[in-house]
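Colleague: I'm new to this one. Could you walk me through the words you use for it?
Modeller: Sure, let's put it on screen and go term by term.

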Amino acid sequence: MSTSRTFATSLARLSSTASRTPRTQTQTRALCSLPQSWSSNRPRTSFSMRSLVPAPAPSSRAFTTTSPRRHGHLTPPKPGEELHVTFIDKDGDEYKFQVSEGDNLLDIAQANDLEMEGACGGSCACSTCHVIVQDEGMYDKIPEPEDDENDMLDLAFGLTETSRLGCQVKMTKELDGLVVKLPSMTRNLQASDFS
Ligand code: FES
């Protein structure tokens, strides 16, 4: 047998032995894993299902906002159109203000830093804006309370025959000179109870 033929035969035997020998787990793992330099140097690509979801078509509805109603901010009355209202606080001190037609007693009190909680923001859902109208004749000039106001007044501390909710009483020309007293206490509600 020639030298070259001997070498070829040995090579063929070696190859067939290698293909029959089962690979160990370590060998298999090594073959399947990427080279270290490949896996550590490649930048990571973030991918999420969201990128596959098509963006919604733009809505044809216009987006609008309404300015929130702010309490305690009043427009000063025009010259010659001033109306007058007096608050008496629980210490008996009197505070007289010139206001515009349409202002309600809660806004007037809060704009002038009087002690009136107005916890529900004037939505007739508490009794913390309770006021007592001092004059019965003036009380009769105020439009009758709605059922909602009566329901809340029933919960008011120190209810009287001339009690009203300040947020529901709007100044009119007929009410020019109105005098109201703030009760010594209100039910313990705060604006945060309504948020
Ligand atoms: S502020 Fe709540 S009822 Fe007037």
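**What the words mean here**

Modeller: To start with the whole protein, buried residues make up 27% of its 195 residues. Keep in mind that this is a predicted model.

Colleague: How many helices and strands are there, and what pattern do they follow along the sequence?
Modeller: The protein has six helices and five strands. Read along the sequence, they go α-α-α-β-β-α-β-α-α-β-β.

Colleague: Why is Asp140 called exposed?
Modeller: Asp140 has 61% relative accessibility, and exposed means over 50%, so Asp140 counts as exposed. You'll find Asp140 in helix H5, residues 136-141.

Colleague: What makes the surface patch with Asp140 a negative one?
Modeller: Its members are Asp135, Glu136, Asp140, Glu144 and Glu161. Asp and Glu count as negative, so this is a negative surface patch.

Colleague: How do you know whether Thr162 is buried or exposed?
Modeller: Its relative accessible area is 11%. The cut-off for buried is under 20%, so Thr162 is buried. Thr162 sits in the loop between helix H6 (147-153) and strand S4 (163-165).

Colleague: And what does the side chain of Thr162 reach?
Modeller: The side chain of Thr162 gets to the backbone oxygen of Val133, at 2.8 Å. A polar contact needs N or O atoms within 3.5 Å, and the 2.8 Å value fits that limit.

Colleague: Now the loop between H4 and S3. Why is Asp113 called exposed?
Modeller: Asp113 has a relative accessible area of 71%; the bar is over 50%, so Asp113 is exposed. That loop runs between helix H4 (105-111) and strand S3 (130-133).

Colleague: What makes Cys124, in that loop, count as buried?
Modeller: Cys124 comes out at 12% relative accessibility. Buried means under 20%, so Cys124 counts as buried.

Colleague: What is there to say about phi in Asp113 and Cys124?
Modeller: Phi of Asp113 is near 60°, a positive value in a residue other than glycine. Cys124 is not a glycine either, and its phi is positive too, at about 60°.

Colleague: Last one: how do you know whether Met116 is buried or exposed?
Modeller: Met116 is also in the loop between H4 and S3. Its relative accessibility is 6%, and under 20% is what buried asks for, so Met116 counts as buried. Met116 and Leu106 are ten residues apart in sequence, with their C-alpha atoms 7.1 Å apart in space.

Notes
Residues numbered from 1 in each chain as written. Predicted model: local features only at pLDDT ≥ 70, side-chain atom pairs only at ≥ 80, totals over all residues. Heavy atoms only, no water. Patch = residues over 30% accessible without salt bridge, like charges linked within 9 Å, V, L, I, M, F, W, Y side chains within 5 Å. Areas by Shrake-Rupley, 256 points an atom, 1.4 Å probe, with all protein chains shown as cover. Salt bridge = Lys/Arg side-chain N within 4 Å of Asp/Glu carboxyl O. Charge placed at Lys NZ, Arg CZ, Asp CG, Glu CD. Helix = DSSP H or I, 4+ residues; strand = E, 2+ residues; numbered from the N terminus. Buried < 20%, exposed > 50% of the residue type's maximum accessible area, 1.4 Å probe, protein only. Polar contact = N/O pair within 3.5 Å; in protein donor to acceptor, adjacent residues only side chain to side chain.
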